[in-house]
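Please open the model in your viewer and keep the sequence alongside, so that each selection can be followed in both. The tour moves from one side chain to its surroundings.

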Amino acid sequence: MISTGQLIFAICFFIAFVIIVAISYRKDKKLHKKYYKGNVWVLVGFVIFFLILLAAKSLLKE
């Protein structure tokens, strides 16, 4: 079982982790816009490819 101390530590760790990640993201926001422009299209392509695979699987299964 999880003790009270472990639970408090886990909650504090999670809060600190989220704050540090948010601060780091804000610092790097300009760089992300500059170097990762157009990554949305990679995600869209991946989703379309995945949907095509699912369609092919369901058509070949029948």
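Does Phe-14 count as buried or exposed, and at what relative accessibility? In this predicted model, select Phe-14, which is found in helix 1, spanning residues 4-27; the residue counts as exposed because its relative accessibility is 54%, where the cut-off for that class is over 50%. For a sense of span, add Lys-37 to the selection: Phe-14 and Lys-37 are 23 residues apart in sequence, and their C-alpha atoms lie 30 Å apart in space.

Next, show the surface and colour the nonpolar patch to which Phe-14 belongs. The patch is formed by Ile-2, Leu-7, Phe-9, Ile-11, Phe-13, Phe-14, Ile-15, Phe-17, Val-18, Ile-19, Val-21 and Ile-23, and together these residues have about 1200 Å² of accessible area.

From the patch, move to Phe-13, which is also found in helix 1 and, at 52% relative accessibility, counts as exposed. Now display the aromatic rings, of which the structure holds 2 pairs. One of them joins Phe-13 and Phe-17 in a stacked arrangement, with 6.4 Å from centre to centre and 15° between the planes. Because Phe-13 and Phe-17 are 4 residues apart in helix 1, about one helical turn separates them. Phe-17 is partly exposed, with a relative accessible area of 49%.

Finally, add Phe-9 to the selection, and the view holds a cluster in which ring pairs link Phe-9, Phe-13 and Phe-17.

How values were computed
Residues are numbered from 1 along each chain as its sequence is written. This is a predicted model: local features need pLDDT of at least 70, side-chain atom pairs count only at pLDDT 80 or more; totals for chains, interfaces and linings use all residues. Side-chain values use heavy atoms; hydrogens and water are left out. Helices (H or I, at least four residues) and strands (E, at least two) are DSSP runs, numbered from the N terminus. Buried means under 20% relative accessible area, exposed over 50%, partly exposed in between (1.4 Å probe, protein chains only). Patches are made of residues with over 30% relative accessible area and no salt bridge: like charges are joined within 9 Å, nonpolar side chains (Val, Leu, Ile, Met, Phe, Trp, Tyr) within 5 Å. Accessible areas come from the Shrake-Rupley method with a 1.4 Å probe; for residues, only the protein chains shown count as cover. A salt bridge is a side-chain nitrogen of Lys or Arg within 4 Å of a carboxyl oxygen of Asp or Glu. Rings of Phe, Tyr and Trp (its six-membered ring) pair if their centres lie within 6.5 Å; planes under 30 degrees apart count as stacked, over 60 as edge-to-face and the rest as tilted.
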